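Student: I have a structure open on my screen and would like to go through it with you. Could we take it in small steps, please?

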Amino acid sequence: MRKENYTLYWWIAVALSLVLTFVLLTTGDFNLVNAVAGTFLMGISAVSGWWASHRHFTRMNAVAARHRVNSMGLEQVHHQAIPILSGQIESARVQTEDAIVALATRFSGIANKLESAVEASQNAAGELTGGAQGSVLTMLDQSRVELMTVTDTLKSVQQSRDAMLTDILGLMKYTSEMRDMAADVAAIALQIKLLALNAAVEAARAGVSAKGFTVVADEVRKLSALSNDAGKKMADKVGAINAAISTVSGAAKRSAEQDAQSVLQCEAAIQNVLSRFHDSTSRLSDSADILRRESGGIRDEVSDVLVSLQFQDRVSQILSHVRVSLEDLRMCVAQQLHQDQGAPEDIQKWLDKMAQSYSTEEQRRVHSEVQRNSGSSSDVVYFGEAAWQKQS
Amino acid sequence: MAKTIMIVDDSDSLRQVVNIALSSAGYHVIEACDGVDALGKLDGNKIQLIICDVNMPNMDGITFVKALKQLPAHKFTPVIMLTTDGHEAKKQEGQVAGAKAWVVKPFKPAQMLAAVSKLILP
């Protein structure tokens, strides 16, 4: 507003004082006192009019100055603050988006590896607990049967050898009979020898005619000696055979005892090994069962994480809407800078447009809560008017 | 052979999350970042189901579904709308456009997989 507009107030005060002076002089007596009073009234009116207009002019200048400062502030908001804020929001949105995508990718890898591990564990558990035909427990049972067959075979061999040993010991009875037979042979040889001697004596008594019989008796005696030697040799051999059989049977007995001991030790060792294997596989099977049960819980956790990771999409949408709304606000501010009037309606349009762009319940809730706390949307504009009123 | 599902969403992270959920259930997943991209990827791919966001740049989800239903090859392809918007008016819009289901984010994978197995073409 120009200064000339404010002098109007002064002219009004002067005109009013002129009217009052005219009324005073025309209604009252036209004397010196009334003339002085009228003049004084005109003077007072002129001074007060000048003072009022000057004061109003000064205040309006101050308001205008403040308005200029505000406009400069809005200019800065329009050109710098809003683009910076918009850029920061977009930067935060992009960074969060990138981070969540990377996180989701890594999480996907972890989840796949976990799934493979659980699957492998379940397969192993199936193999251990006998779910499959070639399970470890089944194999263990088969091994137990086969190893027991080995020990049974060893026992069978041992029994065969015992039978053979019994047969060998039975031979000693025959050797004893052979020794008796050898003694009989020796005794018969001795009898023949005696018979040959008697025959030789009788031949000698008979004279020359029995000379041939003497030769026969001598030959019989020789044969008797040979038979006696053969009987002795037979007895010696039978003794040697008996000694050998005794030695063999003694060794066989000792070996059988050792073998029996070894078979018992083998059985014990096999039982220990199988027992340890069984314990180990049982523990592994139990662990696999626990892992299998836990895998269900892990799957639930994975599901929860997938739900949680979706926050980024909502955040991204909200930030995008904020960014678009900031851009609209910037345009609104630009319009305000070029037009002194119509700001409240523009702000209301901006608010309405912002409200229509919402896609999440949170946005609508926040918007309505802020509006409730701030009063009506026109109140937002009213702060500006109130500030003006307060300043003036 | 694994069935193919197309996920249309402008959010990389959400596409990733949906991809993980569907891949773990044995589905083959094709991704598109908006309606235009999705229409471009329809040709040459046998798609048994589409999961689509609503608010997207270039072409929004409702417009995409309308365009999809104009294509003879995909006229009967079921569409699940996956969006943060739970407004009844929007849901009506989606139904009129031809969508078969409306899931509000964030979704639970089990819930999504149940909807997929119910609607997916044989």
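Student: Which residue in strand 4 of chain B does B:Ile51 stand opposite?

Tutor: Happy to help, and keep in mind that this is a predicted model. Strand 3 (residues 49-52) of chain B and strand 4 of chain B pair in the parallel sense, over three bridges. Across from B:Ile51 in strand 4 of chain B stands B:Ile80.

Student: How does the chain cross from strand 3 of chain B to strand 4 of chain B, and what is the hand of this crossover?

Tutor: The path goes through helix 3 (residues 61-69) of chain B. That makes a β-α-β crossover, and its hand is right-handed.

Student: In strand 4 of chain B, what is the bridge partner of B:Ile50?

Tutor: B:Ile50 belongs to strand 3 of chain B, where B:Ile50 and B:Cys52 point one way and B:Leu49 and B:Ile51 the other, all of them buried. In a regular strand, side chains take turns between the two faces of the sheet. The partner of B:Ile50 in strand 4 of chain B is B:Val79.

Student: Why is strand 4 of chain B described as largely enclosed by the rest of the structure?

Tutor: A residue counts as buried when 20 or more other C-beta atoms lie within 10 Å of its own. In strand 4 of chain B, B:Val79, B:Met81 and B:Thr83 point one way and B:Ile80 and B:Leu82 the other way, and all are buried. Strand 4 (residues 79-83) of chain B is largely enclosed because its buried residues number five of the five.

Student: Which residue in strand 5 of chain B does B:Met81 stand opposite?

Tutor: Strand 4 of chain B and strand 5 of chain B are parallel partners, with four bridges. Opposite B:Met81 in strand 5 of chain B is B:Trp102.

Student: Through which helix does the chain cross from strand 4 of chain B to strand 5 of chain B?

Tutor: This is a β-α-β crossover, and it is right-handed. The helix on the way is helix 4 (residues 88-97) of chain B.

Student: Now for strand 1 of chain B: which residue in strand 3 of chain B is the bridge partner of B:Ile5?

Tutor: Strand 1 (residues 4-8) of chain B pairs with strand 2 of chain B in the parallel sense over five bridges, and in strand 2 of chain B the partner of B:Ile5 is B:Val29. Strand 1 of chain B also runs parallel to strand 3 of chain B, joined by four bridges. There, the partner of B:Ile5 is B:Leu49.

Student: What is the order of the five strands in the open sheet of chain B?

Tutor: The pairing in this open sheet is parallel. At its edges, pairing on one side only, are strand 2 (28-32) and strand 5 (101-104) of chain B. From one strand to the next the twist averages 20 degrees. The order is 2-1-3-4-5.

Student: How do the elements of chain B run from the N terminus on?

Tutor: Chain B has five helices and five strands. Of its 122 residues, 43% count as buried. Starting at the N terminus, the elements run β-α-β-α-β-α-β-α-β-α.

Student: Which helix of chain A gives the most to the side that touches chain B?

Tutor: Here 20 residues of chain A are in contact with 18 residues of chain B. Helix 2, helix 4 (211-308) and helix 5 (311-338) of chain A each supply at least two residues of that side of chain A. By class, the side has seven nonpolar, nine polar and four charged residues. With seven residues, the one that gives the most is helix 2 of chain A.

Student: Is A:Leu103 buried or partly exposed?

Tutor: A:Leu103 sits in helix 2 (residues 32-129) of chain A. Its C-alpha atom is 8.8 Å from that of A:Leu309, 206 residues apart along the chain. A:Leu103 has 15 other C-beta atoms within 10 Å, so A:Leu103 is partly exposed.

Student: What distance does helix 3 of chain A reach from its first C-alpha to its last?

Tutor: Helix 3 (residues 136-206) of chain A has 71 residues. Its buried residues are A:Val136, A:Ala182, A:Ala189 and A:Ala196, and just after helix 3 of chain A, A:Gly207 takes a positive phi of about 95 degrees. At 1.5 Å a residue, 105 Å is expected, and the helix comes close to that with a reach of 103 Å.

Terms used:
Residues are numbered from 1 along each chain as its sequence is written. Chains are lettered from A and ligands numbered from 1 in the order in which they are written. This is a predicted model: local features need pLDDT of at least 70, side-chain atom pairs count only at pLDDT 80 or more; totals for chains, interfaces and linings use all residues. A residue is buried if 20 or more other C-beta atoms lie within 10 Å of its own, exposed if 12 or fewer, and partly exposed in between; C-beta atoms are placed from the backbone. Two residues are in contact if their C-beta atoms, placed from the backbone, lie within 7 Å. Ala, Val, Leu, Ile, Met, Phe, Trp, Tyr, Cys and Pro count as nonpolar, Asp, Glu, Lys and Arg as charged, and the others, Gly among them, as polar. The expected span of a helix is 1.5 Å times one less than its number of residues. Two strands pair if DSSP finds at least two bridges between them. Axes are lines fitted to C-alpha atoms, for helices over the stretch in contact, and angles run from 0 to 180 degrees between N-to-C directions. A crossover is right-handed if, with the strands pointing away from the viewer, the path from the first strand over the helix to the second runs clockwise.
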